[in-house]
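Trainee: I have a model open and want to go through some of the labels people put on it. Can you help me check them against their definitions?

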Amino acid sequence: MKIDRRSFLSFTIGGAAGTALSPLPWKLTDDMAIWTQMWPWTPVPEKGEVTYVKSACTLCPGGCGISVRKVDDRIVKIEGLKGHPVNDGSLCILGLAGAQLLYGPRRVKAPMKKINGKFREVSWEQALDEISKTLADLRSKGEPHTVACIADSDRGTVPELLNRFLRVYGSRNFIRTPSIQDSYELTLNLMQGVRAMAGFDVNNADYVLSFGSGILDGWGSPVHMFKAHSLWREHGGKLIQIEPRLSSTAAKSDSWIPINPGTEGTLALGIAHVMIKESLYDNDFIDNYSTGFHEWKRHIIDGYNPEIVGKVTGVAPSTIVGLASSFARARKPLAVCGRGKGLTPGSLKEFMAVHTLNAMVGNIGKEGGIWAVPEPEYIEWPELEMDQTASIGTQQHRADGAGSSLYPQARYLLNRLPETMNASSTYKLIQVLFVAGANPVYSMPGSADIKEAFEKIPLVVSFSSYMDETAQMADLILPNHTFLERYEDVPAAAGYNRPVINLARPVVEPRFNTMHTGDVIIRLARALGGTIAKALPWESYEACLEEMMGDRWDTLVEEGYWTNTDFAAPQWSEAFETASGKFEFVNKEISSLARYSPVKPEGDEAAYPLILIPFDTMRLWNGYIGDPQFVIKSVPDTVLKKNDVLVEVNPATAKSIGLRDGAYAVLSTPKGKARVKVHFYEGVMPGLVALPRGLGHSAYENNLAGKGINFNELVGPFDDAATGHDAAWGIRAKLAKA
Amino acid sequence: MKHEKAKKFGMVIDLDKCTGCGSCMVACMAENNVPFREDETDKLLSVAWMRVYKLTNGKPFPDADICYLPRPCQHCEGHHGHSPCVSVCPATATDYDTRTGIVSQIYARCFGCRYCMAACPYHVRLFNWYDPVWPDGMEQSLNPDVSVRMRGVVEKCSFCIQRYQMAKDRAYMEGREDIEEEDYQTACTQACPADAITFGDLNNPHHKVHQLARPDHRNGGKPRAKNLFRLLERLGTNPKVYYKSSREWVRNLGDNHDAIQEKA
């Protein structure tokens, strides 16, 4: 057969058309998909019975209720608990990723002992034996006061057990990690005479004046704050954000007022000045329920007129007058403070300045105002029976200097500990340190000093469920169950204005060879015997918890939380437990504290012309918990790019140094140096460099470790003159071409 | 079950309420078995069905302003179900369901040509360049109601269709003819701490989403409510995600191809 051009073309085209009309191409594409994609290593999650378990999230002090979705005995999803007074069905980014903390590779799977710098698995018996021997030794040497404990909270049965154990053992060194709670507690204590937590009736407030509080960046109970903000949007409530950087909170506010960093307290007093001058205050409250107003007033009138305040803060005098007027004239005004997420206690006098604004508008204990939420009263244990060693030990000074003649007001001063410890080279201030639910090596400012101090402690015991920076430095790790594997009461939600107790419960069986920290303490007490064993007589932590909860237990198990819906703030006539029985603008104790003045950043202006400030976001967590995989994944590439952190700089500032957007630069402060990338951001005040907190981990899996830098390595603590708490909000810095 | 009226599931996202916290992103990842890698900072390679963009108004300090914009799949209807991605798929791996208005994605059919990614004006479609890996037993938290995707396929937001199927099953078991508004809510809607996302049937005048958007179905679903807009409205994609913002510059950016946007 002859193949000419014509028949060749007909055959080819005809063949192609025929094939195209046949099912072959479609079958082939389908098969191709199957051949190239059905890999046996792609997991197929197993089906099973679906159940929901009510529990509590403990990952931040927010106090949210959770509903955990299980398929057989696997946790597949964590959701918010519907009807919960704090978060009603919603949940924050960290809580949603909680299952990754249970199943992820950062878990410590068994008790570990560091031998020649390497962790080896040991048995629980061996670990507990070792600790109880060391503890018994110290007691016999008469040095029980050299034992200390750092925890992230002092409320709830586990912190109280730790504290009780230390006391009866002979040490006062229970230390809570710092936060704005320290300053708010003292403010309420000094001005209102109460021992209470500050709660904010944000749902009902209609004009919120925020002095740098990251209300939408993780301040207080994050989900509760978000919900309140949405209510303001619906009902016309206003949010005024005062801070040097356009944060998420500032962006969502009705008015963003950039301010020179660190001068927020001055602005508060400037606003107070205008309110006094224009008689814009609640006469009933001032006349009948407060004292010292007239004395305090004189000092404000003299020192804080809008012109002076304008110069210090950089806020125009007319704006100050406008703020005072709209704040005082609002129906339910509320002033809040504590920068960012509220991780730094800050200057007490600044908190008191802001609190006087609340007092002047008479919102204390009122709808939409600031409430004093009493400490949970359910933990009632018999008076401690102390032996002689314990009595002598507890008469010693606290290792951190809290409550000393220098800082009589402070209850805990973790920030002062490294300096004290590093100053003395021989004297052993702390010989055994327990760390529970905290990661101070990462989260405290002045990382280098903290590490040096930790190295001096002969025995550091970490209770962490995760191999975090502090656990890495420990000599022994006694891993706790994660919050999804254990019982624990979570009393009071940060910044929430009513008492609430959540119950975390074992949603799944412990995955690894871990032990509840409460049980560890009870077992240690038993091993030490005598008065110590008597003080902690429970069979197990669970038995202790159930006993403490009493008739609340059934509600807690049933609902996952307990709340006192009838709780109301007391009337002004009964609210104040000061000497005068009134709100005190001035009293002997307040007058004895150093006067308010803005905290200056550390460093020499000539060598460090810029100022470095940290910023917080919901997508970067910087307390005990570091970002799980999903959360770090959500971080924008304008914050983290590969392993480089981007610092926010105003383009005008960057150009004056000759830095381009995205360029590498060296950021140096009096405390340290780091290589960073520059990100142009018009939302940051010229002259500032803003660095996100929550990066720069050396611990955890590779999703987080080694990415960015830790702000705490570039900054040191600055002692507040009034309290000794850390009041540093930033540090002087230099940015140079890399 | 009786023949039911066609539904049109959609969303209204209130940008005045959205705080950019990222809960929606993580709720979605956890619900839909979205994988993660050690480095997720190259956002072109990072698989996230829901992505929160940060918009800036471009003004200098102190007039600078930012706004967050969560962006799930827009589930475009186009004209009579001709959404941009559906029209180009050679493998019939993506389809427009006229009963629900949901644009589906069938992973087992997709062979990774990525035409749909090129066609989608919203960048909602993502390609799996890598094998998904759940280290150290993390696959235990995988949701059995959603298939795990393999390397080489395109994936995208499904409006949590598994939740719709379960809601229908539950209604059937309980002898109800139809599902209620709260029976079917997407994971992002449920999680949003700011209650910024409203989800429901745009065809049902009793649903909140309909009342908020007041879609003009005779006019390509355009919102009639004040301050509402859809992304790239002028392309005629007829998407089912509506945005609400009281800020004019945000609404303007919503239809601007050259917007100054930062990937989040």
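What follows is a short talk about a sheet in one chain and the overall build of another.

Mentor: Sure, and keep in mind that this is a predicted model.

Trainee: What makes strand 18 and strand 19 of chain A a pair?

Mentor: Two strands pair if DSSP finds at least two bridges between them. Strand 18 and strand 19 (residues 500–504) of chain A have four bridges, in the antiparallel sense, so they qualify under that cut-off. One example is Val490(A), whose bridge partner in strand 19 is Asn502(A).

Trainee: Why are strand 18 and strand 20 of chain A called edge strands?

Mentor: The open sheet has three strands in the order 18-19-20, with antiparallel pairing. Strand 18 (488–491) and strand 20 (561–563) each pair on one side only. From one strand to the next, the twist averages 15°.

Trainee: Which helix lies across strand 18 and strand 19 of chain A?

Mentor: That's helix 23 (residues 541–549) of chain A, running at about 40° to strand 18.

Trainee: Over to chain B, with its seven helices and 13 strands. How do you know how compact chain B is?

Mentor: Set the radius of gyration against the globule rule: chain B has 18 Å, close to the 18 Å the rule gives for 264 residues, so it is as compact as a globular protein of that length. Its C-alpha atoms fill a box of roughly 55 × 45 × 35 Å along the principal axes.

Trainee: And what share of chain B counts as buried?

Mentor: Of its 264 residues, 62%, where buried means under 20% relative accessible area. Chain B exposes about 10,900 Å², with carbon and sulfur atoms supplying 50% of that.

Key: Residues numbered from 1 in each chain as written. Chains lettered and ligands numbered in written order. Predicted model: local features only at pLDDT ≥ 70, side-chain atom pairs only at ≥ 80, totals over all residues. Heavy atoms only, no water. Helix = DSSP H or I, 4+ residues; strand = E, 2+ residues; numbered from the N terminus. Axes fitted to C-alpha atoms, helices over the stretch in contact; angles between N-to-C directions. Contact = heavy atoms within 4.5 Å. Rg over C-alpha atoms; globule rule 2.2 N^0.38 Å. Buried < 20%, exposed > 50% of the residue type's maximum accessible area, 1.4 Å probe, protein only. Areas by Shrake-Rupley, 256 points an atom, 1.4 Å probe, with all protein chains shown as cover.
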